[in-house]
Amino acid sequence: MVLSLMKRSLWLVLGGVFAFVTVAGDTAKADRIETSVRPSPIVADRSPHEGTVEIQQPDFDRSLRDPALLEQLNLARRLMRDGNYLGASAVLEVLYEGYPNDARIYSHLHNCYTFLQYYDKAVELSRRMADANPHDVRFVLQLAESFTRRGDRDSALTEYHAAAEKLIDRPANQYEPLLRSMLSFSYAEQALAVIDRVRENRQDPLALALERAEALQFLKRYGDAASEYYRLVDDTTRA
């Protein structure tokens, strides 16, 4: 049953991809079809303030037992809901210095800096968390995204490559957040290189097939994307 539903979904995606391929020689038709096909969530347009990495980390015992912290954290959340990101960031900066390992404070402060377009501060904050948590790839990805928003794509790629190195001995599916981030910020060519390296290292020609197909779609290589999807439809070992 699950396999049947997965295959049905893949065939629907394939239908959209083949539509692009069929009209490749007719630009006017291609434009009309492209506007009618909803892009994959991984490659959909995103707000410049919207990241791809969610930080959901257990709270540290010390902060959980501190009612004053919770009161100030709730104040910052209310200010954010009201659109007062500057005020919220002022509250959160004080909290962060006292609790630099609290993921809630970090996440809210990073969001404030991003909405305020304080990209230098967002980079510094992400760097501190990445250095303090060297085995946690999520902070490295947020650092790469902050570099991208600041316009420093070379530094962003350095961090993406560092994240890929941290994942080299992990299961292939743990690359998905990295690839989702890279595709969302238009690093499709580099994402393909990461996927090809994973396949080569694992001797698995179908590893990360969906992500590879979506990267190919992003690059408008619709024929190659269709081939990738088609290979996955007939693979019954991954149900």
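A residue counts as buried when its relative accessible area is under 20%, as exposed when it is over 50%, and as partly exposed in between. With that scale, Asp224, at 37% relative accessibility, is partly exposed. The structure discussed here is a predicted model, and the classes of burial used below refer to that model.

Confidence comes before detail. The mean pLDDT of the protein chain is 80, and 70% of its residues reach 70 or more. Two stretches should be read with this in view. Over residues 21-49 the pLDDT is below 50, although this part has 29 contacts in the model beyond near neighbours in sequence. Residues 1-6 also stay under 50 in pLDDT, and for them the model has two contacts beyond four places in sequence.

Helix H6 is a convenient place to enter the fold. H6 covers residues 103-115, which makes 13 residues. From its first C-alpha to its last it reaches 18 Å, close to the 18 Å expected at 1.5 Å a residue. The helix is mostly covered, with 11 of its 13 residues buried. Among them are Ala103, Arg104 and Ile105 at one end of the list, and Cys112, Tyr113 and Thr114 at the other. Charged and polar residues appear in that list too, including Arg104, Ser107 and His108.

His110, also in H6, shows what such burial involves. Its relative accessibility is 3%, so it counts as buried. Leaving out residues up to four places away in sequence, His110 touches Ala122, Leu125, Ser126, Gln142, Ser146 and Arg149.

After H6 comes Gln117, whose phi is positive, near 60°. Tyr118 then lies in the loop between H6 and helix H7, which spans 119-132. In contrast to His110, which is buried, Tyr118 is partly exposed at 32% relative accessibility. Apart from neighbours within four places in sequence, Tyr118 is in contact with Leu86 and Tyr113. Tyr113 is one of the buried residues of H6. The C-alpha atoms of Tyr118 and Arg150 are 8.7 Å apart in space, while the two residues are 32 apart in sequence.

Further along the chain, two helices pack against each other. Two packed helices are described by the angle between their axes and the distance between the axes. For helix H10 (residues 176-184) and helix H12 (residues 209-218), the axes come within 11 Å and cross at roughly 5°. Angles under 35 degrees count as roughly parallel, and H10 is therefore roughly parallel to H12. On the H10 side the residues that meet H12 are Glu176, Leu179 and Leu183. Their counterparts in H12 are Glu211, Glu214, Ala215 and Phe218.

Ser184 is placed in H10 as well, and it is buried, with a relative accessible area of 14%. Between Ser184 and Glu145 the C-alpha to C-alpha distance is 9.5 Å, for a separation of 39 residues in sequence.

The remaining subject is charge pairing. Side chains of opposite charge can pair when their charged atoms come close. A search of the whole structure finds 13 salt bridges. One of them joins the side chains of Arg197 and Glu165, at 2.7 Å from N to O. Arg197 belongs to helix H11 (residues 188-202) and Glu165 to helix H9 (residues 153-166), so this pair ties together parts that are 32 residues apart in sequence. Both ends have some access to the surface: Arg197 is partly exposed at 35% relative accessibility, and Glu165 is partly exposed at 41%.

Asp224, the residue at the start of this account, forms a salt bridge with Arg221 through their side chains, at 3.1 Å from N to O. Arg221 is partly exposed, with 34% relative accessibility.

A third pair lies within a single helix. Arg231 and Glu228 are both in helix H13 (residues 222-233), three residues apart, about one turn of the helix. Their side chains meet in a salt bridge of 3.8 Å, N to O. The partners differ in burial: Arg231 is partly exposed at 37% relative accessibility, whereas Glu228 is buried at 3%. This pair is also part of a wider arrangement, since salt bridges that share partners join Asp196, Arg199, Arg212, Glu228 and Arg231 into one network.

Terms used
Residues numbered from 1 in each chain as written. Heavy atoms only, no water. Helix = DSSP H or I, 4+ residues; strand = E, 2+ residues; numbered from the N terminus. Expected span 1.5 Å × (residues − 1). Buried < 20%, exposed > 50% of the residue type's maximum accessible area, 1.4 Å probe, protein only. pLDDT = per-residue confidence, 0-100. Contact = heavy atoms within 4.5 Å. Salt bridge = Lys/Arg side-chain N within 4 Å of Asp/Glu carboxyl O. Axes fitted to C-alpha atoms, helices over the stretch in contact; angles between N-to-C directions. Parallel < 35°, antiparallel > 145°, perpendicular 65-115°, else oblique.
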